[in-house]
Amino acid sequence: MPAGPYDDLIAHLVRSTPLNAGEAARVVAEVVGYFAEELPEFVRRRHAELKNRGLTNDQIFAVVAAELAVRRVAPPQQSARQLRRMVYG
């Protein structure tokens, strides 16, 4: 069986959590997918999630900008106007 790029991480999760190998692999795949999301898709998804929680656009764009700033590989800082354009075109 060929080794995958995250086998070491999966093995670490199995050793350090109650997850079995299949569960750990699914968690790793989910996290990798989350961080692979392109900037416009992330902004649109988070806007929709926060809008459903009842936040206003001003609140939403402040939250999204703060979240983007602390991502593992942070994109260049985006203004509220740039974020709004990603959502509304």
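Visitor: Which residues of α3 meet which residues of α4?
Guide: In this predicted model, helix α3 covers residues 39-52 and helix α4 residues 57-69. From α4, the contact draws on Asn57, Ile60, Phe61, Val63, Val64, Glu67 and Leu68. Their partners in α3 are Leu39, Phe42, Val43, Arg46, His47, Leu50 and Lys51.

Visitor: How do the residues of the contact of α3 with α4 divide?
Guide: Both polar and charged residues take part, His47 of α3 and Glu67 of α4 being among the residues that meet. The division is nine nonpolar, two polar and three charged.

Visitor: Are α3 and α4 parallel, perpendicular or oblique to each other?
Guide: Their axes come within 10 Å and cross at roughly 135°. Angles over 145 degrees count as roughly antiparallel and those from 65 to 115 as roughly perpendicular. The pair falls in neither range and is therefore oblique.

Visitor: What is the handedness of the crossing of α1 and α2?
Guide: Helix α1 (residues 7-16) and helix α2 (residues 21-36) pack at about 125°, with axes 9 Å apart. As α1 passes α2, the crossing is right-handed.

Visitor: Which class makes up the contact of α1 with α2: nonpolar, polar or charged?
Guide: Leu9, Ile10, Leu13 and Val14 of α1 make this contact with Ala21, Ala24, Ala25 and Val28 of α2. No polar and no charged residues take part, and the eight residues are nonpolar.

Visitor: How many residues lining the largest pocket are charged?
Guide: The largest pocket holds about 160 Å³ of space. Its lining includes Phe35, Leu39, Phe42, Leu68, Val73 and Pro75, together with Glu37, Glu38, Arg71 and Arg72. Six lining residues are nonpolar and none is polar, while the charged ones number four.

How values were computed. Residues are numbered from 1 along each chain as its sequence is written. This is a predicted model: local features need pLDDT of at least 70, side-chain atom pairs count only at pLDDT 80 or more; totals for chains, interfaces and linings use all residues. Side-chain values use heavy atoms; hydrogens and water are left out. Axes are lines fitted to C-alpha atoms, for helices over the stretch in contact, and angles run from 0 to 180 degrees between N-to-C directions. Helices (H or I, at least four residues) and strands (E, at least two) are DSSP runs, numbered from the N terminus. A crossing is left-handed if the near helix is turned anticlockwise from the far one by less than a right angle, and right-handed if clockwise. Contact means heavy atoms within 4.5 Å. Ala, Val, Leu, Ile, Met, Phe, Trp, Tyr, Cys and Pro count as nonpolar, Asp, Glu, Lys and Arg as charged, and the others, Gly among them, as polar. On a 1 Å grid over the protein atoms alone, a cavity is a set of points where a 1.4 Å probe fits but cannot get out, and a pocket is an open set with protein on both sides within 12 Å along at least five of seven lines; lining residues have an atom within 4 Å of a point. Grid points are joined across faces, edges and corners, and a volume is the space filled by probe spheres set on the points. Angles under 35 degrees count as roughly parallel, over 145 as roughly antiparallel, 65 to 115 as roughly perpendicular and the rest as oblique.
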